[in-house]
Amino acid sequence: MTPLPVTQETEQSLFFHNYARLPIAVTHGEGVWLVSDDGTRYLDMIAGIGVNALGYGDKRLTEAISSQAAKLIHASNLFMMQPQFTLAEKLLELSGLSKLFFANSGTEAIEAAIKIARKWAGQFGNPQKKEVLSLSNCFHGRTYGAMSLTAKPKYVDGFEPLLDGTGMINFNDISDLEEKVSRKTAAVFVEVVQGEGGIHRISQQFIDRLKELRLQYNFLIVADDIQAGCGRTGTFFSYTQVNAEPDLVCLAKPLGGGLPLSAVIGSEKVADVLSYGNHGTTFGGNPVACAAGIAMINAIFEDKLMENAETIGKYINDEIEKLAAKHRQILDIRQYGLMIGITVDKEAKFYAGKALLKHVLVNATSVNVIRLLPPLTISREEVQLCIATLDEIFTEEEAENAC
Ligand SMILES: Cc1ncc(COP(=O)(O)O)c(C=O)c1O
């Protein structure tokens, strides 16, 4: 059978129309370069939406995957498996927390956290203590619980009714926080650095007040570190930078080294909440994904990639500031390690489209924010190519406008 042409027309005929895919078919990658079927090399500043922390083709990762795949690809959680145990031990050691659960995607980690929070809250004899709150402008996923916490019209319109007992606190608004949390609150979900929301970091004052209110009302703080975690912002967990001391932590994206894997890690407080049969998944903690996760975390430490995220991130920030001094199109820059948002004066997809034509992949989020989430392995020379391309795009636009 002749394979179908990998074109946008075929894509439209095969799939539900829920993705706005770029008009390129990719076949492989090398380092920070993604290669399309016509051999074009793209400098990848998106890294599979923050997944490919090691870039493409890391031998330690591919060997860990192939050797585990040769032994055992799947057995299910009816059994115990070494790769799960080793990865769990690593994550518990890194977080200082007590117990964890593996799932497959970010949204599933959030669902598990919602369930754990509600069941935990149930023990206090207050049937109203079921409320799960999140922060405006957040993104936690697309299944019903996670989507109910996300609650941005773009993600929820047409899918109502949402989960009952969810609500939203204005991001970094302490008086709104004080107004919204109460004895009814079971958990507050926070992204320390909001990703889809345009790269905004929670304020220290907000976190400090949240922790005080946790003492007063006894709720859980859940850190969604799905995008900002695993070293991207310069520390393994982003929440340590604001000393958030979460009760539950959600990880995903790079955790499985590119294979589907997520985790919910919990403190002693919630360690015994789940009991047999309460929660589970057929694929969660797949041994190949866990083997990849172990290799990925080892490489992050061996190659000092968190330090790289910190120094290269600052370098990108400085370079973009220089661009901002030259080009009025740049309105603001926010940089936390290698999680970078550049606010521009029009829809960011306009610039992402121009960059694609110049073989640089950047992502548009929150309407007018260019988001950079490059592999943590990126070098100064590779960054320079991206900066030079952005410079060129803004300069060309200025020249066109001058005509
Ligand atoms: C902060 C955050 N939470 C949750 C999710 C959902 O993860 P997934 O797409 O793996 O379900 C994402 C995905 O972008 C995210 O960035």
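A residue counts as buried here if 20 or more other C-beta atoms lie within 10 Å of its own, and as exposed if 12 or fewer do. Keep that in mind as you click through this predicted model.

**Stop one: helix 3**

Select residues 59-71, which make up helix 3. Put a distance between its end C-alpha atoms and you'll get 18 Å; that agrees with the 18 Å its 13 residues should span at 1.5 Å a residue.

Now show side chains for Leu61, Ala64 and Gln68, which are buried in helix 3. Look down the axis: the three cover an arc of only 65°, so they sit on the same side of the helix. The spacing makes sense, because an α-helix has 3.6 residues a turn and residues three or four places apart point the same way.

Flip to the other side of helix 3 and colour Lys59, Glu63, Ser66, Ser67 and Ala70: these are exposed.

What do the buried residues of helix 3 pack against? Bring up helix 4 (82-95) and helix 10 (287-302), and you have both partners.

**Stop two: helix 3 against helix 10**

Hide helix 4 for a moment. Helix 3 and helix 10 pack with their axes 8 Å apart, at an angle of about 155°. That makes the pair roughly antiparallel, since the cut-off for that label is over 145 degrees. The crossing of these two helices is right-handed.

To see the contact itself, select Arg60, Leu61, Ala64, Ile65, Gln68 and Ala69 on helix 3. On helix 10, pick Pro287, Val288, Ala291, Ala292, Ile294, Ala295, Met296 and Ala299.

**Stop three: helix 4 against helix 10**

Bring helix 4 back and hide helix 3. The axes of helix 4 and helix 10 come within 8 Å and cross at roughly 40°, which makes helix 4 oblique to helix 10. This crossing is left-handed.

From helix 4, the contact takes Pro83, Gln84, Thr86, Leu87 and Lys90; from helix 10, it takes Pro287, Cys290, Ala291, Gly293, Ile294 and Ile297.

**Last stop: Thr40**

Leave the helices and centre on Thr40, in the loop between strand 2 (33-36) and strand 3 (41-44). Is Thr40 buried or exposed? It has 12 C-beta neighbours inside 10 Å, so it counts as exposed.

Leaving out residues up to four places away in sequence, Thr40 touches Val35 and His359, so add those two to the selection. Finish with Val26: this residue is 14 residues from Thr40 along the chain, and their C-alpha atoms are separated by 9.2 Å.

Methods
Residues are numbered from 1 along each chain as its sequence is written. This is a predicted model: local features need pLDDT of at least 70, side-chain atom pairs count only at pLDDT 80 or more; totals for chains, interfaces and linings use all residues. Helices (H or I, at least four residues) and strands (E, at least two) are DSSP runs, numbered from the N terminus. The expected span of a helix is 1.5 Å times one less than its number of residues. The arc is that of the directions from the helix axis to the C-beta atoms. Two residues are in contact if their C-beta atoms, placed from the backbone, lie within 7 Å. Axes are lines fitted to C-alpha atoms, for helices over the stretch in contact, and angles run from 0 to 180 degrees between N-to-C directions. Angles under 35 degrees count as roughly parallel, over 145 as roughly antiparallel, 65 to 115 as roughly perpendicular and the rest as oblique. A crossing is left-handed if the near helix is turned anticlockwise from the far one by less than a right angle, and right-handed if clockwise.
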